Amino acid sequence: MSWGTELWDQFDNLEKHTQWGIDILEKYIKFVKERTEIELSYAKQLRNLAKKYQPKKNSKEEEEYRYTACKAFLSTLNEMNDYAGQHEVISENMTSNITVELARYVQELKQERKSYFHDGRKAQQHIEICWKQLESSKRRFERDCKEADRAQQYFEKMDADINVTKADVEKARQQAQMRHQMAEDSKADYSSTLQKFNHEQHEYYHTHIPNIFQKIQEMEERRIVRIGESMKTYAEVDRQVIPIIGKCLDEIVKAAESIDQKNDSQLVIEAYKSGFEPPGDIEFEDYTQPMKRTVSDNSLSNSRGEGKPELKFGGKSKGKLWPFIKKNKGATPEDFSNLPPEQRRKKLQQKVDELNKEIQKEMDQRDAITKMKDVYLKNPQMGDPASLDHKLTEVSQNIEKLRLEAQKFEAWLAEVEGRLPARSEQARRQSGMFDAQNPATVNSCAQDRESSPDGSYTEEQSQEGEGKVLATDFDDEFDEEEPLPAIGTCKALYTFEGQNEGTISVVEGETLYVIEEDKGDGWTRIRRNEDEEGYVPTSYVEVYLDKNAKGAKTYI
């Protein structure tokens, strides 16, 4: 099966077919190129997707990734980056192994094809020239034969005519002989040209064209093999990354299997546990007796106030805005006393750890400077040791400052964890609160954290840096306001040091006026005189409401 023998007369069709083969190859190159672009685009979109859902640094989202489910999701995002990288590898390998190589091969193929068909056209032109020479020799032979016949006939006519002179007959005879000779020469030339043409034609159809067509056939078959190899490479490039993609998927499955719902539940407890005890039973209040209400420290109203760690400073109490707020509403106490005990302990522990890390960092820096100073002392040419004294002093001061700060937070932490007695307990001991009267209630009040009027959790004794709020701090607030009428009286069961804004200090046994009863947040508003009024914990006073007073609660 050879194109040279089977398709000897299909030169033009072979030229069209080979051009079509090159077009197919270029189409396949374009297909692979577009596939590489799709892979790159897909990889880019996957990376952007993974980046979009990555937790932002120093944000609440980063804290959420403590949970195993979130960790698994983060692992999935990281694996998606690796997954995207494999699609980039596919694009790179297809570009280098297929697109670039085939593009170079197409250029070589075009040159080779052009050379073969150039040789074929040259052979065609040669055989056409030989054919034209044969035709010309043939026509000349035919013309000379006809001229020789006419000259012979003219000679015979002259020779038969008795009126023609002998000289004219001789002249006609010589002319006839000359024409016959020319015809013979033309015959010989035509015969020679014909033999030559037949030889050239045989060579053309049995040697030149078969050889050229055979080379074109081999070229076309190489093209077909090459495109087949490229298709195999196309599949192999994909197959090479399948194990790595499989590992990525296996890691995602592994991350999913690592999710521990029990661990996540425990983390929720650690994150939101307040440390407070649940409220006790509500005491029965007998309204058939004279109007009197005593709210213990484990009552629902007090507990409700203690159970709202999310309320912010300056919040409303049952829809009423707290009127004594002067400091920044967003301010957070340095000792985190606005948080429930458990959350406060965690925050303080975190702060202590951060300070210890900073101390270690400064100590490492001090050691490095000390070593450098020793080197300078041994080798003065390397530097002046005295030039490091200022830096060494500065670092030492920073270490001392950080240690003092760490000790402060450690003291607060120790107080929360119960390693040291609470300041509120010390204050109460000084005021003689720890007596035999209702000791369980006293201890509970001393250790529990109260819900301040601003809606945040504070200790009964705030940090030392905050002074007592004087009555004069609120004079400007109420110069133009009409004082609220008293709706009853109350007796202080315990001494209370009102150090938060809006609170008022009371002494055990003191009698005061009630101007606003507990709204459910654990605080009662009282007045000592026209200039002093504020809030005290409801559990610290025994309230006697005037049944007929305006604003007093009516009980059914």
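Glu-220 is buried, with a relative accessible area of 3%. Its partner in a salt bridge is Arg-223, with N and O 2.5 Å apart. Arg-223 also counts as buried, at 5% relative accessibility. Both residues lie in helix H5, three residues apart, which is about one turn of the helix. These values come from a predicted model.

**Salt bridges**

Side chains of opposite charge can pair when their charged atoms come close. The structure holds 22 salt bridges. One of them joins Asp-238 to Arg-35, with the closest N and O atoms 3.1 Å apart. Asp-238 lies in helix H5 (residues 166–257) and Arg-35 in helix H2 (residues 11–52), so this pair ties together parts that are 203 residues apart in sequence. Asp-238 is partly exposed, with a relative accessible area of 23%, while Arg-35 is buried, with 16%.

Another salt bridge links Arg-47 and Glu-88, and here the closest N and O atoms are 3.1 Å apart. Because Arg-47 lies in helix H2 and Glu-88 in helix H4, the pair ties together parts that are 41 residues apart in sequence. Arg-47 counts as partly exposed at 30% relative accessibility. Glu-88 counts as partly exposed as well, at 23%.

The table lists the three pairs with their N to O distances.

| Acidic residue | Basic residue | N to O distance |
|---|---|---|
| Glu-220 | Arg-223 | 2.5 Å |
| Asp-238 | Arg-35 | 3.1 Å |
| Glu-88 | Arg-47 | 3.1 Å |

**A network around Glu-533**

Which residues are joined into one network by salt bridges that share partners? They are Glu-516, Arg-525, Arg-527 and Glu-533. Glu-533 is found in strand S9, which covers residues 533–537. With a relative accessible area of 16%, Glu-533 falls under the 20% cut-off and is therefore buried. Its side chain makes a polar contact of 2.8 Å with the side chain of Arg-525. A polar contact of 3.2 Å joins the side chain of Glu-533 to that of Arg-527.

**Strand S6 and its neighbours**

Strand S6 spans residues 488–492 and has two faces. Gly-488, Cys-490 and Ala-492 make up the covered face, whereas Thr-489 and Lys-491 make up the uncovered one.

S6 pairs with strand S7 (residues 511–516) in the antiparallel sense, over four bridges. In this pairing, Lys-491 of the uncovered face stands opposite Thr-511 in S7. S6 also pairs with strand S10 (residues 541–545), again in the antiparallel sense, over five bridges. Here Thr-489, the other residue named on the uncovered face, has Tyr-544 in S10 as its bridge partner.

**A nonpolar patch on the surface**

Where do Leu-49, Tyr-53 and Phe-73 form a nonpolar patch? The patch is on the surface, and the three residues have about 280 Å² of accessible area together. Phe-73 is found in helix H4, which runs over residues 68–160. With a relative accessible area of 36%, Phe-73 is partly exposed. Helix H4 also holds Glu-88, the salt-bridge partner of Arg-47 in helix H2.

Technical notes
Residues numbered from 1 in each chain as written. Predicted model: local features only at pLDDT ≥ 70, side-chain atom pairs only at ≥ 80, totals over all residues. Heavy atoms only, no water. Buried < 20%, exposed > 50% of the residue type's maximum accessible area, 1.4 Å probe, protein only. Polar contact = N/O pair within 3.5 Å; in protein donor to acceptor, adjacent residues only side chain to side chain. Patch = residues over 30% accessible without salt bridge, like charges linked within 9 Å, V, L, I, M, F, W, Y side chains within 5 Å. Areas by Shrake-Rupley, 256 points an atom, 1.4 Å probe, with all protein chains shown as cover. Salt bridge = Lys/Arg side-chain N within 4 Å of Asp/Glu carboxyl O. Pairing = 2+ DSSP bridges.
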